[in-house]
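Trainee: I would like to learn how to read the features of a structure step by step, beginning with the general idea behind each one. Could we take one together?

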There are 2 protein chains.
Amino acid sequence: MTTSLRSNPTDLPPLPSACLPRPLDAVAAIRDVANDRFSMRSAVSIRRYEPRQMIFEQSQPCRHIFEIIEGTVKLTIALPDGRRQILAVLGPGDLLGLPLVQQHNTSAIAISDVRVKQIARSVFDASLLLQRRAAAQLQKQFLKMQDMIVSLGRRNATERIASYILETAKSGNHDDATPNQPPWSFTLALSQTDLADHLGLTLETVSRELTKLKNHKIIRMCGRNHLEVLDPSRLSEFADNVSYPQAAVNCEAPEPVSARRRGRAAR
Amino acid sequence: MTTSLRSNPTDLPPLPSACLPRPLDAVAAIRDVANDRFSMRSAVSIRRYEPRQMIFEQSQPCRHIFEIIEGTVKLTIALPDGRRQILAVLGPGDLLGLPLVQQHNTSAIAISDVRVKQIARSVFDASLLLQRRAAAQLQKQFLKMQDMIVSLGRRNATERIASYILETAKSGNHDDATPNQPPWSFTLALSQTDLADHLGLTLETVSRELTKLKNHKIIRMCGRNHLEVLDPSRLSEFADNVSYPQAAVNCEAPEPVSARRRGRAAR
DNA sequence: CGCGATTTTGACGGTCCTCAACTTTTGTGG
DNA sequence: CCACAAAAGTTGAGGACCGTCAAAATCGCG
């Protein structure tokens, strides 16, 4: 069960060295390993990954920066006992291995077929242009992560699912040609299992919530990961779950503790 | 449904080019200063705040950057219905209003007596030194936020409390002069209410978890917010899955889905 | 001391996790 | 192309964790 290269999703290569980006050919592999620091030709190169392949791994030394050219990549952290959290889902133009630390603190795993530009740290450190892009990316990520923290800390399962779908639908690439008309149609990057690991839920809960939305005729799913938003406005009601019809612009002075909502749930 | 005025956490403003460091623009600088009700002298100025005072507020335009000189500040986001999440607790040396966006997406509130250096955006944008510090700060924050996401998504109440105390004890300023001997002694910056808003729990749960640790003789509390860690090693058992920095050993291949822990709880 | 804010404690219930069995989809080989 | 197996998703029953509500206790401050 631990043999094949790409069969099992959770079945990753046994040795750390094997987890390094798979080179395009054996010669390149040898060269990379031998001359990592010196070989100019490996300073910038294109690499390909298949779904489920690891681009880099948590706690590996961080020798390269990657720019996604094509495809989708998930950034994950695993706790010692196997629980996982997907921190971000990145696409073309995004940079990987951004936090300029010595060791990767996340693993990057290809979701679809992926092409990345691999850039040696030395090149990155010398390029102001790249660093500027990295800063911009960092900030974009930063805002997303803040939102994620609020979701995980203060939203219930329904709200998390609904707002994830809304977010993806709004920002995402629609499959059809009429992205403004309500039946928004798009492809989910994540499986339900991954969605659970992204939203801090279990796969069963994700499944049940999606079923609920389907029964309400708010979404429709064709095939494994194709989703249509039939009723965006009702979906956003599920997403922000405001109890009293928000009259005021209530981002002002916080209400007294006794009056405001606490905790997570609300229905 | 969703009013345009309310700042919606799932609806972040795009990142315009203005987010990138902007060359010093004399006209812009003069305009900024003119618009500032505190006149010329406020391009860089020292300000003081008392506990609970707001330094800036969610959805306000972001005209200044603040550097904390003294005291502690919490960064919070409020949902429309009043639920809150404390995103970070910052101290001397830290910068506020970092994400260089047009509008603050968080509120900054003084916890203790606070002194900050208020720096006009124009000054900030012209200072490479400041920008460099901002980038460093951003990265530090980034890693903390990643850890926070894992905590909120995948840890139960006990683990969150325990690892918060551990983290604070390790990084924090100890009150006593022997920071290496087990009875670690320090002051909690957050009230239990705020702790709840930071860890995605309710204040009752926080109280119960702290009581549990007290009964186990793992911590001791003298006064409102003074805490002593009596038994760090048992505390870290409660925190259990400590995050990436150490524990480099067990970051190898994840176990198969059927075997690994799912969801949040574990006891 | 007296008052308000904060914390503690208890009882109860809901959300979501756990376990388990089943169904559907996907992928592979004969 | 179908059979088969593995992966992914669905559904149900039950219970744990933690949120909710309520009231009492404690702390801190004038």
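Mentor: Let us begin with a term: a salt bridge is a side-chain nitrogen of Lys or Arg within 4 Å of a carboxyl oxygen of Asp or Glu. By that rule the structure, which is a predicted model, holds 22 salt bridges over all chains.

Trainee: Which residues of helix α2 of chain A lie four residues apart, about one turn of the helix, and how far apart are the N and O atoms of their salt bridge?

Mentor: They are A:Asp125 and A:Arg121, both in helix α2 (residues 121–126) of chain A, and their side chains meet in a salt bridge at 4.0 Å, N to O. Burial is read from relative accessible area, where under 20% is buried, over 50% is exposed and the range in between is partly exposed. A:Asp125, with a relative accessible area of 45%, is therefore partly exposed, whereas A:Arg121, with 18%, is buried.

Trainee: Where do A:Lys212 and A:Glu209 lie, and does each count as buried or partly exposed?

Mentor: A:Lys212 and A:Glu209 both lie in helix α6 of chain A, three residues apart, about one turn of the helix, and the closest N and O atoms of their salt bridge are 3.2 Å apart. A:Lys212 counts as partly exposed because its relative accessibility is 25%, while A:Glu209 counts as buried because its relative accessibility is 12%. You can read A:Arg220 and A:Glu228 in the same manner, since their side chains meet in a salt bridge at 3.1 Å, N to O; A:Arg220 is partly exposed with a relative accessible area of 42%, and A:Glu228 is buried with 15%.

Trainee: Which residues are linked in a network of salt bridges?

Mentor: A:Asp81, A:Arg83 and B:Glu159 are linked in such a network, and their chain letters show residues of chain A and of chain B in it.

Trainee: Let us turn to domains: how is chain A divided, and how many residues does each domain give to the contact?

Mentor: Chain A is divided into domain 1 (16–148) and domain 2 (156–240), and their contact takes eleven residues from domain 1 of chain A and seven residues from domain 2 of chain A. The area buried between domain 1 and domain 2 of chain A is about 690 Å², and carbon and sulfur atoms give 54% of this. In domain 1 of chain A, the residues that lose the most area to domain 2 are A:Arg84, A:Ile86 and A:Val89, together 49% of what that side buries.

Trainee: What polar and charged pairings are counted between domain 1 and domain 2 of chain A?

Mentor: The count between the two domains of chain A is one salt bridge, and across their interface the rule finds five residue pairs in polar contact. On the side of domain 1 of chain A that touches domain 2, β5 (84–90) and α3 (128–154) of chain A each supply at least two residues, and β5(A) gives the most, with six residues. The residues of that side divide into six nonpolar, two polar and three charged. As for a single pair, the side chains of A:Lys74 and A:Asp194 meet in a salt bridge at 2.8 Å, N to O.

Trainee: A:Asp194 is one of the buried residues of α5(A), so to speak of the helix as a whole: why is helix α5 of chain A described as largely enclosed by the rest of the structure?

Mentor: Six of the eight residues of helix α5 (residues 192–199) of chain A are buried, so the helix is largely enclosed by the rest of the structure. Those buried residues are A:Asp194, A:Leu195, A:Ala196, A:Asp197, A:His198 and A:Leu199. They pack against β4 (73–78), β5, α3, α4 (157–171) and α6 (203–215) of chain A, together with α3 (128–154) of chain B. Just after α5(A), A:Gly200 takes a positive phi of about 70°.

Trainee: Where in chain B is B:Asn105 placed, and which side chain does its own side chain meet in a polar contact?

Mentor: B:Asn105 sits in the loop between β6 (95–96) and β7 (107–110) of chain B, and its side chain makes a polar contact with the side chain of A:Gln146 at 2.3 Å. B:Asn105 is buried, with a relative accessible area of 16%. Not counting residues up to four places away in sequence, B:Asn105 touches A:Leu143, A:Gln146, B:Gln58 and B:Ile77.

Notes. Residues numbered from 1 in each chain as written. Chains lettered and ligands numbered in written order. Predicted model: local features only at pLDDT ≥ 70, side-chain atom pairs only at ≥ 80, totals over all residues. Heavy atoms only, no water. Domains from an automatic or database assignment. Contact = heavy atoms within 4.5 Å. Buried area = accessible area lost by both parts, 1.4 Å probe. Polar contact = N/O pair within 3.5 Å; in protein donor to acceptor, adjacent residues only side chain to side chain. Nonpolar A, V, L, I, M, F, W, Y, C, P; charged D, E, K, R; others polar. Buried < 20%, exposed > 50% of the residue type's maximum accessible area, 1.4 Å probe, protein only.
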